[in-house]
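Please consider the assembly shown below, beginning with one chain and proceeding to the chains that it touches.

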Amino acid sequence: MTSRRAAALAALAVVAPVLLGHTTGIASVWYRIVAIGVTYALMTLSLNVLMGYAGQISLGHAGFLAVGAYTSGLLTSRADLSFVIGFIVAGLVGGAVALLVGLPALRLRGLLLAVTTIGFLVMMTESVLQWRWLSRGSAGVELPRPELGPISLAENSDYLAFLLLLFLAFWILDEHLTSSRLGRGFLGIREDEQVAASYGIDIARTKLTAFVLSGVLAGIAGAAFGHLALLVNSSTFSLQFSLSIVAWVIIGGLGSRVGVAVSGLLFGIFPPTFERLITWDPIRDHLDNLVLVIGATLFLVTITINPNGFVGAVREKREEKEADAARKALRAGLDDAEDPTLPSLPVPPARHGDLAPGTTVLEVSDIVVRFGGLTAVDHASFEVKAGEIVGLIGPNGAGKTTLFDAIGGFNQPRSGSVRLLGRDLSDLPAHERANAGLGRTFQRTGLAMALTVRENLLLAQYALASYDNLAALARTSAVRDAEAVLGARADEVIEALGFQAFSDLPVRHLSGGQRRIVEIACTLATAPDLLMLDEPTAGMAPAAVENLADRLRELRDEHGRTILLIEHHVPLVLDVCDRIVVLDQGRVIATGEPDAILSDANVLQAYLGERAARQAGLLPDDDVAGERDGELVG
Amino acid sequence: MSDDVTPRLQLDGIATGFGGNTVLHGVDLTVAPGEIAGVLGLNGAGKSVTMKVVAGLQPAWEGRVLLDGHDITDLPAEERVAAGLGHVTQGRQVFDGLTVEQNLRLGAYTLRRRHPERYAERLEAMFTRFPRLKDRRSQPAGTMSGGEQAMLAVGRALMSNPSLLLVDEPSAGLAPAIVAELFDLLRSVNEDGVTILLVEQNVAFALDVVDSVHVLQRGRVVHAGATDELDRDELAAHLGIGRLLTASVGRSGR
Amino acid sequence: MTFALVSGVVVGAIYGLFAVGIVLVYRGSRVINFAAPALGTFALYLAWTMTHERTTSWWTAAILAILATGAIALLFERLVVQRMHAASPLAIAVATIGLMLLLTAIELLFWDPSPRFLPGPLEGDGIRVAGLVISPTQLLSLVVVAGLGYGLTQFLRRTDFGLGVQAAAMDPAALRLVGVPLAEVSGFVWATGGMLAAIAALLVEPTIGAFGPGFMTQAFFVPSLAAALVGGLDDVNGAFVGGIVVGVLSELTSWAFLGSSVPGASTVAVFILIVVVLLVVPGGLVGALRERLRTNLLATATGGLS
């Protein structure tokens, strides 16, 4: 939103209700009804930050609202402080409580985390909110309508003006959030924590930040609601209410700013409106309950059809169409079943700049990884020098990917060390290893599937922008400049890929081969010193495989990159690698140049089995092999 | 080969995929009664999706699945077991919280529904074949060694007296020594007359046991034939181990 | 204190019953059924209507209400859970919130929010244990809980279908591949889960006295979940033990804070228990203790032999 547009909307938000309220005869209660809708929208927006963006399910959101309402109520009604202070402190306390509630999220995910948030809420409603010094009995906490010097917001229409301003502020903050690296970090941990960590995103910190930000917003929303209601107590913020907010957010569409705001607004406005408009007695008394039944049914239908809500279902339909069109456009010049090949990409300079040839980039010593009784990696050691392409090969189950995970910090080796450019990484978490210069792809294709190609490229550059979270929310000019640079780089890559038609489509609509190419582009965008590729050819078209060799050489020769490559496609490995490390049963059984590896009996046996190796004359028992030779050559 | 032998399993132009992406583009595959058939291919070639289509866990968009000549394309996975499929699944092979005997009993779920009286005899036969399972019949499966669990997985699949045993990537996640043991087991099961369809990425292990091979590449069968008549060069090229094989052949020719 | 212990066992048995329903559903679908207590409340409304607006006896009304609640849960499984087969367990769990909201809304719509009473099936003075009067209905509930616990355990252990239910939690895909119809297992666990919630609600209502729309959710949901978690979330016996643990803990806390200015101290204790169990022994307290006990016993046994 441009600042001029924001100012215009702000003026409208203030002037319209105030003017209407003081000049027309519209009953005061109508402003109150709209105000309820606006406060509900504030609530859904605040929950959407945590649940929609960061993917952390909180069923106890009403607990944060209660914290905000109680805080502002106590400060304004009992300490006689200004409502401005009330709202600010409500936000701060809401954030602080959310931080505490979020702590278990560092260990727990999904359902179990949801359980702790419910526990938190019930503890609040059944105990904390009923403490006598807080509530003075069961009456609850009073929240007077705000007064600021000469301006009183006692009239519903005036308070509505204030709420609309608040809503505008939430909206702009949300826009700033989602277009910054902080918001992308949220989406990253929602989509795939491992991929996020490989881009240098600190999972724990980002999760807690999401809790705090959501808690701050919820605290303010709770205060806004409280000052509208004038009195709150423990039953205001029931479990029922909390779960209803979750339902509104899901009906509106997780992660959809417009969707959740509209959903909150409507669920706030409809019940009291019906109650006033429909005067037919038999229904009138039951209207609010009827609306509850309709709301719950709507929720069930929505989630059954599409867990991402109504908005999600609509969006998916549209994307499906666009994806088809994009595929056609891309394939116009290609053989129907073939995927595009990887073109030369613009590559940002590596974090540690050009390295002198011969520098040891990666030093893996004595790594042991065990899963239960299985030793997946067994005292593996090897080195990678600057400007080398090193192949890591071995039969299925040899432990290659496990070794990659150990290097990247994605599992816990029993022993051994990993050094990058001389720095010991062994005790660092995955995201710090990424920031130290390790870039990797994943065998299963590490992309944020629900994000677009462009968003993935921006996410990959997470660590390359260095502004802090507050600047992100304020969207300072420094932030805008930094984002412009990231965006330009992403667009450059998309253009080089020829993926303009796909740029704004979620990557889950791409084919396996296309995803691989985008994934490699993303990893390159992290500007790694060492590029670790885990089976890049899996799912790639043969033409793309051949072409990959040229690209890898180009990265080495023209961009000075060092590459470690896991690959089952042996011809590619032999073709492109300077050295090869062979892993079998978790052990390094051979290291050397391609020719040496080709004539290594152990390697052939590991790959082809004893029979074939014997047939090839590489094992002592030559009798059988002699007979079978003709067959093999023919 | 006479053409009037009904294939144990036949896939006719199977196409399937996920969302807008097609993964299998018309796969044809035949398994003759009594053989061990192998499906080979690199990661991402469509091996496990093929297996899922046969099992009934992934719907076929096009094409038919025939078991002993009967069309089972529309049967749900459970009923395909009743129709004669047995599964040795990839990864966590057994129900680790249940005892050995309970695992075997679940394996006989379809058998016990139709012929409850044959269960005791079948269990006894299984214990005769695998005495180690008998010794551990009351032990939770999860506490056994990897090899014993693999043995139990095969035993459980055989309890329903299947006409076709589907074995999915046995080498994945198992120590090689155990894989070798498992393959020996499969061979002896096959010698007793059970037809086996084996999906495997590890060529070394697979080529040692299979009678025929289908090679998958990007969702298409690019090579099929009896193991003995294989053009190994072509096979190697398809499996991406080209020069490893040719190099070894070149050396031995010297 | 003994008083608190005894009443902890009585109320804990009910938590345990709810917890077993939650555990069964978790075993079959990997989903936490947030609607379990709401299903219980709904059964109360059904039974209340039958006994108050018709002249049905408590027993008939109870049985009909239990069956109806099972049917509602089964319907939910067929209409929602089955259709969401591609969705994550978390999304399905969120859908159970929809069921909970719907049942409460229906209660508000067809009945009114005023408190209602549903007396128990048995009259009489009950017996006195450690200063606490245990009513006949409470005694009945202990018997029913014990009987159901034993029956369910035997069913799960002895029948093929029961084994299938157990195995479903370990590996649902593999279960289909041994030929056990997963849809039937799923339908069974949801229906049984619903019926257990109904039984628990009917048994505990006379002790509590009054109920209103959505009442069970607020009062029983968190302790029942805590019981299930203490038991390890997929352990039927563990859930009963968990129920007793949670019941005793909350009654003891209430007793200790009696007369203090902190109301609802027991909910704080239960919340802390949940967080601690999840963070420290995610496999469940009962499972961990059993494991330790087994190791110790084995050690003693082998020690004795040598």
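The following paragraphs treat the fold of chain C, its interior and its two contact surfaces. The model is a predicted one.

Chain C contains 12 helices and 2 strands. Along the sequence, these elements follow the order α-α-α-α-β-β-α-α-α-α-α-α-α-α, with the two strands placed after four helices and before the remaining helical run. Taken along the principal axes, the C-alpha atoms of the chain fill a box of roughly 65 × 50 × 35 Å. The radius of gyration of chain C is 20 Å, which agrees with the value near 19 Å that a compact globule of 306 residues would have.

The interior may be described next. Of the 306 residues of chain C, 54% count as buried. Among contacts in chain C between residues at least 6 apart in sequence, those joining residues at least 24 apart make up 76%.

Which residues touch the most other members of the largest nonpolar core? They are Leu39(C) and Ala43(C), in a core of 377 residues. The surroundings of Leu39(C) can be followed in the structure: leaving aside neighbours within four places in sequence, this residue is in contact with Thr69(C), Ile72(C) and Ala73(C), with Leu103(C), and with Gly194(C), Ala197(C) and Ala198(C). In general, nonpolar side chains tend to be buried together in soluble globular proteins.

Attention now turns to the contact between chain C and chain A. Chain C contributes 39 residues to this contact, and chain A likewise contributes 39 residues. On the chain C side, the elements that give two or more residues are helix H4 (89-110), helix H9 (215-231) and helix H11 (265-280). The largest share, 17 residues, comes from H4(C). By class, this side of chain C has 30 nonpolar, 8 polar and 1 charged residues.

The contact with chain B can be read in the same manner. Here 15 residues of chain C are in contact with 22 residues of chain B. On the chain C side, two or more residues come from each of helix H6 (160-170) and helix H7 (172-177). H6(C) gives the most to this side, with 6 residues. By class, the side of chain C that touches chain B has 9 nonpolar, 3 polar and 3 charged residues.

To review the two surfaces, H4(C) gives the largest share of the side that touches chain A, whereas H6(C) gives the most to the side that touches chain B.

Terms used
Residues are numbered from 1 along each chain as its sequence is written. Chains are lettered from A and ligands numbered from 1 in the order in which they are written. This is a predicted model: local features need pLDDT of at least 70, side-chain atom pairs count only at pLDDT 80 or more; totals for chains, interfaces and linings use all residues. Two residues are in contact if their C-beta atoms, placed from the backbone, lie within 7 Å. Ala, Val, Leu, Ile, Met, Phe, Trp, Tyr, Cys and Pro count as nonpolar, Asp, Glu, Lys and Arg as charged, and the others, Gly among them, as polar. The radius of gyration is taken over C-alpha atoms; the globule rule is 2.2 Å times the number of residues to the power 0.38. A residue is buried if 20 or more other C-beta atoms lie within 10 Å of its own, exposed if 12 or fewer, and partly exposed in between; C-beta atoms are placed from the backbone. A nonpolar core is a set of buried Ala, Val, Leu, Ile, Met, Phe, Trp, Tyr and Cys residues joined through C-beta atoms within 7 Å.
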